[in-house]
Amino acid sequence: MSNQKYILNKSKYVLCSLIGILVVILGFCWSLLLGGGRLIQLVHLGEIIGILTVTLGALIFAYRTAAFKPWLTAFGIGVPQEEEIIKAYIRICDTTVRILLFAGVMLFFSGVCNAVISIGDDILVFKLKLQSALTAPVLSLLTICALVLPTRAKLAFLLNEQSLKEAQLREKQRQIDNLSKG
């Protein structure tokens, strides 16, 4: 690959990231509210901490400190200029999706077990614990949709955009070569 910059217009690149994340989160919240839900139903500290710690722990285990590098690239910070680094960041994003899915499922099942254990206490306690258990997969999927998949798509787009530019340059060079021969 050439040494060209991958981001042609950094302010548009960052603005698109911010608008995209905002649209995903607000769209999700609006959908929840229109469905009769309340945002407070999704705020369960145990599930939030569980999703964060399981995901971060698994990423650190797998990628050491490199696990943190892709997440700021969507905001124009530390955007790699080499194809191999971009591909490594894409692999980290793919791994993060799998970890978040498994963490959401694992925390859901542990929450269901916790709710079932409390069935004898009070039906209200059971309902609250079950609601809490459902928060984990929802937050996992929201994180995937709002941050991980868009970051992965931006990184893949950088590769595709650069490949397209290089192909266009090769095509121009071929045309110039054909004109010079003819």
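**Notes on a four-helix chain**

1. Let's start with one residue: Arg-152 is partly exposed, at 27% relative accessible area (buried is under 20%, exposed over 50%, and partly exposed in between, with a 1.4 Å probe and protein chains only). Before going on, note that this is a predicted model, in which local features need pLDDT of at least 70 and side-chain atom pairs count only at pLDDT 80 or more, while totals for chains, interfaces and linings use all residues. Residues are numbered from 1 along each chain as its sequence is written, and side-chain values use heavy atoms, leaving out hydrogens and water.

2. What does Arg-152 pair with? Its partner in a salt bridge is Asp-94, with 2.5 Å between the closest N and O atoms (a salt bridge puts a side-chain nitrogen of Lys or Arg within 4 Å of a carboxyl oxygen of Asp or Glu). This pair ties together distant parts of the chain: Arg-152 sits in helix H4 (residues 123–181) and Asp-94 in helix H3, 58 residues apart. Asp-94 is partly exposed as well, at 24% relative accessibility.

3. The count of salt bridges comes to three. One of them joins the side chains of Glu-83 and Lys-87, at 3.1 Å from N to O. These two are about one helical turn apart, because they are four residues from each other in helix H3. Glu-83 is partly exposed at 25% relative accessibility, and Lys-87 is partly exposed too, at 32%.

4. Helix H4 holds another salt bridge, in which the side chains of Glu-171 and Arg-174 meet, also at 3.1 Å from N to O. Here the spacing is three residues, about one turn of the helix. Both ends are partly exposed: Glu-171 has 36% relative accessibility and Arg-174 has 45%.

5. Stepping back to the fold, the chain has four helices and zero strands (DSSP runs numbered from the N terminus: H or I of at least four residues for helices, E of at least two for strands). Along the sequence that reads α-α-α-α. The chain is more spread out than a compact globule, because its radius of gyration is 22 Å, well over the 16 Å that the globule rule gives for 182 residues (C-alpha atoms are used, and the rule is 2.2 Å times the number of residues to the power 0.38). Along the principal axes, the C-alpha atoms fill a box of roughly 90 × 40 × 25 Å.

6. How much of the chain is buried? The share is 32% of the 182 residues. The accessible surface comes to about 11,500 Å² (Shrake-Rupley, 1.4 Å probe), and 70% of that surface belongs to carbon and sulfur atoms. Among contacts with a separation of 6 or more, 78% are between residues 24 or more positions apart (contact means heavy atoms within 4.5 Å).

7. On charge, there are 18 positive and 11 negative charges, and their mean positions are 4 Å apart. Lys and Arg count as positive, Asp and Glu as negative, without His or the chain ends; each charge is placed at NZ of Lys, CZ of Arg, CG of Asp or CD of Glu.

8. One last spot to look at is Arg-64, in the loop between helix H2 (45–63) and helix H3 (83–117). Its phi is near 55°, a positive value in a residue other than glycine. Most residues other than glycine have a negative phi. Is Arg-64 buried or exposed? Arg-64 is exposed, with a relative accessible area of 64%.
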